[in-house]
Amino acid sequence: MSHLSRRKLLTTGLAAAAGAGGLAVAAKLARRYGLVPPDSGGIYGPGETLTYAAQRLLTRHSLAREFSRDQISKHPFPNDAGRLGDEFQRLQAGGFADWRVVVDGMVARPASFSLSELKSFPRRGQITHLACEEGWSYIAEWNGVPLWHVLGLVGTHPQARYVVYRSIQSDVWESIDMADAMHPQTLITLGMNGGELPVGFGGPVRLRVPRQLGYKSVKYVTRLTVTDNLKGFGKGLGSVSPEYGYAWYAGI
């Protein structure tokens, strides 16, 4: 069976199962083909699975909308991150010269990149919309290194399924699957609106995932871990704010 015909079959099967009210049946079909999100358990599990599987089958390579320069928001909203701690203050006082982004886990060549090294890599710019789950949003120009480029440098293992990324903020982390990690619009962001990335917007390093809601675009990134599962990373699986219970897959 060709890839296209199998995709049509899966999509049709998922839609039919859901249309008939058989979310559990759809979830079983998704599980058979490895299209199950980490938060597939619990009362909302079948629905989360159906959403994720359908998105991956239908829009795996789709692009988030990009805007013209005259559509950039004049007053973007810098969501308050609170006090960032003594270590952040020390790094900021030194112009972030000592900032490092460690890449480890299921990779052939673990590495630790300085800010200057990241800035030397091929850059990509995009003007995209950041939508927060709290209801506010803005359009900005983001500039940085495509995540796929850095993952190529370290050599991800074939069995890798996720990239977990951590902030310098204590217990703040998120994760995406390899489809989003290798997507051309997913950036290790270093600049915004023609300048350096301001601290209020996640500077000096933020992961920008324009196909996901705002909480997936974690600020102040210091570590990327490639893995085949999300066990052992602590509470709040798939959410930097576990008390809100955000879904792991936040596609828009």
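In this predicted model, Leu 224 makes a handy starting point: leaving aside residues up to four places away in sequence, Leu 224 touches Val 101, Val 102, Val 103, Asp 104, Leu 147, Val 163, Val 164, Tyr 165 and Ile 188. Leu 224 also turns up, along with Leu 118 and Val 205, among the residues that touch the most other members of the largest nonpolar core, which has 35 residues. Quite a few elements feed that core with two or more residues each: on the helix side, helix 4 (86–93), helix 5 (115–120), helix 6 (147–154) and helix 7 (178–181); on the strand side, strand 1 (100–105), strand 5 (162–167), strand 7 (187–192) and strand 10 (221–227). Helix 6 gives the largest share, four residues. Apart from all this sits a second, separate core of ten residues, with Tyr 138, Ala 140, Leu 187 and Phe 201 among them.

Back to helix 6. Its buried residues are Leu 147, His 149, Val 150, Leu 151 and Val 154, and Leu 147 is also one of the contacts of Leu 224. Right after the helix comes Gly 155, with a positive phi near 75°.

Strand 1, another contributor to the largest core, pairs up with strand 2 (residues 111–114). The two run antiparallel and are joined by four bridges, and together they make a hairpin with five residues between the strands. Within this pair, Val 101 stands opposite Phe 113 of strand 2. Val 101 is a familiar name by now, being among the residues that Leu 224 touches.

Terms used
Residues numbered from 1 in each chain as written. Predicted model: local features only at pLDDT ≥ 70, side-chain atom pairs only at ≥ 80, totals over all residues. Heavy atoms only, no water. Core = buried A, V, L, I, M, F, W, Y, C linked by side-chain atoms within 4.5 Å. Buried < 20%, exposed > 50% of the residue type's maximum accessible area, 1.4 Å probe, protein only. Contact = heavy atoms within 4.5 Å. Pairing = 2+ DSSP bridges.
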